[in-house]
Amino acid sequence: MRHPLRGGALAGLAALLALALVAIAPRGADASIHEYAGGGFAPRANSFFFHGGSEGLYASDPSSNSSASFIRFDSVVFRRTQESASKHEEMQQKTGLVEAIIVEIQDRDKIGGSYLHTDAICCTPELDKEKSCKVGEVIIRPNPDNPEWPKRIQTFFDGKNEETSMVTQTVSINKTGMYYLYFMFCDPQLKGLKITGRTVWRNPQGYLPGKMAPMMTFYGFMSLAYLALGLLWFIQFVRSWKDILQLHYHITAVIALGMCEMAFWYFEYANFNATGTRPMGITLWAVTFTAVKKTLSRLLLLVVSMGYGVVLPTLGGITSRVAALGVTYFVASEALELVENLGNINDFSGKTRLFLVLPVAILDATFIIWMFSSLSRTLEKLQLRRSMAKLELYRKFTNSLAVSVLISIAWIGYELYFNATDPLSELWRRAWVIPAFWNVLSYALLGIICILWSPSRNPTGFAYSEEAVDGVDEEGLSLVGSAVKGTGDMVNMHAFPEDKRA
């Protein structure tokens, strides 16, 4: 009997996962220190704006020992063109206005003239006559519960000066929310304006952006989880060290990489939280461990699916193809992880983002197709050999892998829904669950493999052996040290007897 997961279904499943992975690809690295290096302003309606950053910030808590939550403007300088400056007199004051607007996302409708039944963002002479706003300024309707918000900070040019600097100041955050910062001007004569400097955003517990802060705790718990799994595996490994198979060393390597990966990410986030910038060295190590672990995890699933050590003593001629796929995946994954965590993918075009994400998605789909096609062949071989114990083992593994793929597809659907219904990150306090899920799923699959292929003092249940004599069961014994099925009536046994083959 052939396994139901074959050709067309596998290709369709893999294509679906590839497309979905591209759609939900991360959009860039977050940072609490936003640097501006000569960025230009984009036109919108009758205004020009520059996006200075956005982060989830928790309100300051005066009753605790934690620091205040704030946004600080450091050395922000605006530079206009020489042509724009020359249109004014030397002694003239306020010859150009640039405004920094800080708005909590719930108050976004208070920016612009929508409440005045106009599409204008900047005040016009007509609206000025109605005393609704001041000409040349961004229209802001104060929040009745907090008249100082949305926050407006004005900076003026004087005379023919080509540069002006914002006063260094700190804006305290007293309400939890997703905050957006925009630098805006209304005067068309300032077209070509550039901005340099930086802003520093801080939460009460540190510099980690609000949606990233829970991940530090998560990585701490995952480090302990991998440590616990490693201790249990090590104990079983030592107890059965004389009968260890090559596959057990591969599993040990993946567990060790998982511990290192989670520990490095925890320390990377802790350092980021303390300084406001990502530590290049630790981040590079964390990214590399992630790429290596992802690669070896997929290779482990693939060689297990092929029946390595169970149906096949070696991978034989396909070793080079498996190695080539692993190396290619590592390079693609490492490149994507580096850009996401050490660069800012938002600065790149959509084509560049697709160029980085698509190879990883295609390679993941390739792994899935190869795994399930290999599992199908492995199950067929075990059925033909009447290796009932091994067949039961692989059926459990196949079911676990299939369930994980179905869960992955369901979660990808949830991610697509989450991103589509929350374009402005209003649900930022729940966003950490999205990346955390994939770490938990990877850990669960590794745990299942550890249970199914647990080291045993008598590993005959899943070790490779020559084909059985016709009509005689190859093993007639248990897979993980428990009851096994014998030949004929499949009588349960509770020991590992000597091999009954002729």
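A residue counts as buried under 20% relative accessible area and as exposed over 50%, with partly exposed in between. With that in hand, Cys260 is partly exposed, because its relative accessible area is 32%. Cys450, in contrast, has a relative accessible area of 7%, so this cysteine is buried. Please keep in mind that the model you are looking at is predicted.

**The chain as a whole**

Let us step back to the overall picture. The chain has 502 residues, and 48% of them are buried. Its secondary structure comprises 10 helices and 12 strands. Of the contacts in the chain with a separation of 6 or more, 77% are between residues 24 or more positions apart. On the outside, about 24,600 Å² is exposed, and 59% of that area comes from carbon and sulfur atoms.

**The two disulfides**

Cysteines deserve a closer look here, as the structure holds two disulfides. Counting bonded cysteines along the chain, the pattern is 1-4, 2-3.

One of the bonds links Cys122 with Cys186. What parts of the chain does this pair tie together? Cys122 sits in the loop between β5 (96–104) and α3 (125–129), while Cys186 sits in the loop between β9 (177–185) and β10 (194–202), so the bond ties together parts that are 64 residues apart in sequence. This disulfide is left-handed, because the torsion about its S-S bond is about -85°.

The other bond links Cys123 with Cys133. Here the torsion about the S-S bond is about 80°, so the disulfide is right-handed. Cys123 lies in the loop between β5 and α3, and Cys133 lies in the loop between α3 and β6 (151–157), so this pair ties together parts that are 10 residues apart in sequence.

Here are the two bonds in brief:

| Disulfide | S to S distance | S-S torsion |
|---|---|---|
| Cys122–Cys186 | 2.0 Å | about -85° |
| Cys123–Cys133 | 1.9 Å | about 80° |

Are the bonded cysteines buried or exposed? Cys122 is buried, at 2% relative accessibility, and Cys186 is buried at 10%. In the other pair, Cys123 is buried at 5%, and Cys133 is buried at 15%.

**Helix α5 and what follows**

Helix α5 covers residues 246–275, which makes 30 residues. From its first C-alpha to its last, α5 reaches 44 Å, close to the 44 Å expected at 1.5 Å a residue. Just after α5 comes Gly276, which takes a positive phi of about 90°.

**How far to trust the model**

Now for the predictor's confidence. The mean pLDDT of the chain is 80, and 80% of the residues reach 70 or more. Which elements mark the two ends of the range? Helix α4 (residues 213–239) has the highest mean pLDDT among the elements, at 94, and strand β11 (residues 484–485) has the lowest, at 35.

Two stretches call for some care. Over residues 1–30 the pLDDT stays under 50, and the model gives this stretch 62 contacts beyond four places in sequence. Residues 466–502 also have a pLDDT below 50, with 73 contacts in the model beyond near neighbours in sequence. Where pLDDT is low, the predicted coordinates should not be read in detail.

Technical notes: Residues are numbered from 1 along each chain as its sequence is written. This is a predicted model: local features need pLDDT of at least 70, side-chain atom pairs count only at pLDDT 80 or more; totals for chains, interfaces and linings use all residues. Side-chain values use heavy atoms; hydrogens and water are left out. Helices (H or I, at least four residues) and strands (E, at least two) are DSSP runs, numbered from the N terminus. Buried means under 20% relative accessible area, exposed over 50%, partly exposed in between (1.4 Å probe, protein chains only). Contact means heavy atoms within 4.5 Å. Accessible areas come from the Shrake-Rupley method with a 1.4 Å probe; for residues, only the protein chains shown count as cover. A disulfide is a pair of cysteine sulfur atoms within 2.5 Å. pLDDT is the predictor's confidence in each residue, from 0 to 100. The expected span of a helix is 1.5 Å times one less than its number of residues.
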